[in-house]
Amino acid sequence: TDEMEKGIFKSIHHKHIFTEDNGVTIMIDEFNYESPLGILGKLVDSLFLKQYMTNFLLRRNKLIQLHAES
């Protein structure tokens, strides 16, 4: 589990969950964050940030998968 102590976000909580299914390791990310700046932060989140963070995690997980399987 990763938790932001200081930073630009109001909060970030990122949990990695690993399970096994028929000899295959499955990784699930639980990623929760709160944008700063109240209503302005919520607007930026809905217009840009949510999609950016989703794509970032998907790219990162592909790299982890490639590294783990090599």
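Me: A salt bridge is a side-chain nitrogen of Lys or Arg within 4 Å of a carboxyl oxygen of Asp or Glu. How many does the structure hold?

Reply: The structure holds one salt bridge. This is a predicted model, in which local features need pLDDT of at least 70 and side-chain atom pairs count only at pLDDT 80 or more, while totals for chains, interfaces and linings use all residues. Residues are numbered from 1 along each chain as its sequence is written, and side-chain values use heavy atoms, with hydrogens and water left out.

Me: Why is the pair of D29 and R60 called a salt bridge?

Reply: The closest N and O atoms of D29 and R60 are 3.7 Å apart. That value is within the 4 Å limit, so the pair qualifies. D29 sits in strand 3 (residues 24-34) and R60 in helix 1, so the bridge links distant parts of the chain, 31 residues apart; helices (H or I, at least four residues) and strands (E, at least two) are DSSP runs numbered from the N terminus.

Me: What makes D29 and R60 partly exposed?

Reply: Buried means under 20% relative accessible area, exposed over 50%, and partly exposed in between (1.4 Å probe, protein chains only). D29 has a relative accessible area of 22% and R60 has 23%. Both values fall between the two limits, so both residues are partly exposed.

Me: How do you know whether S35 is buried or exposed?

Reply: The relative accessible area of S35 is 16%. This is under 20%, so S35 is buried. S35 lies in the loop between strand 3 and helix 1. Leaving aside neighbours within four places in sequence, S35 is in contact (heavy atoms within 4.5 Å) with F9, K10, G41, D45 and L49.

Me: What makes L58 buried or exposed?

Reply: L58 has a relative accessible area of 52%, which is over 50%, so L58 is exposed. L58 is found in helix 1. The C-alpha atoms of L58 and D29 are separated by 9.8 Å, and the two residues are 29 apart along the chain.

Me: Why is the group of L37, I39, L40, L43, V44, L47, F48, Y52 and F56 called a nonpolar patch?

Reply: Patches are made of residues with over 30% relative accessible area and no salt bridge; nonpolar side chains (Val, Leu, Ile, Met, Phe, Trp, Tyr) are joined within 5 Å, like charges within 9 Å. I39, in helix 1 (residues 38-69), has 73% relative accessibility, and L37 has 64%. Both values are over 30%, so these two members meet the area limit, and at over 50% they also count as exposed. The nine named residues together have about 970 Å² of accessible area (Shrake-Rupley method, 1.4 Å probe, the protein chains shown as cover).

Me: What sets the backbone of L37 and N22 apart for comment?

Reply: L37, in the loop between strand 3 and helix 1, has a phi near 70 degrees, a positive value in a residue other than glycine. N22 is not a glycine either, and has a positive phi of about 55 degrees. N22 belongs to the hairpin of strand 2 and strand 3, which has two residues between the strands. At 76% relative accessibility, N22 is over the 50% limit, so N22 is exposed.

Me: How do you know that strand 2 and strand 3 pair?

Reply: Two strands pair if DSSP finds at least two bridges between them. Strand 2 (residues 11-21) and strand 3 have eleven, in the antiparallel sense, so they pair. Among the partners, H14 stands opposite F31, and I12 has Y33. Strand 1 and strand 2 are joined by two bridges, which meets the minimum, so they pair as well, also antiparallel. D2 has H14 as its bridge partner in strand 2.

Me: Why is the sheet called open?

Reply: Its three strands stand in the order 1-2-3. Strand 1 (2-3) and strand 3 are at the edges with a single partner each, so one side of each has no neighbour in the sheet. Helix 1 lies across strand 2 and strand 3 and runs at about 155 degrees to strand 3. Such angles run from 0 to 180 degrees between N-to-C directions of axes, which are lines fitted to C-alpha atoms, for helices over the stretch in contact.
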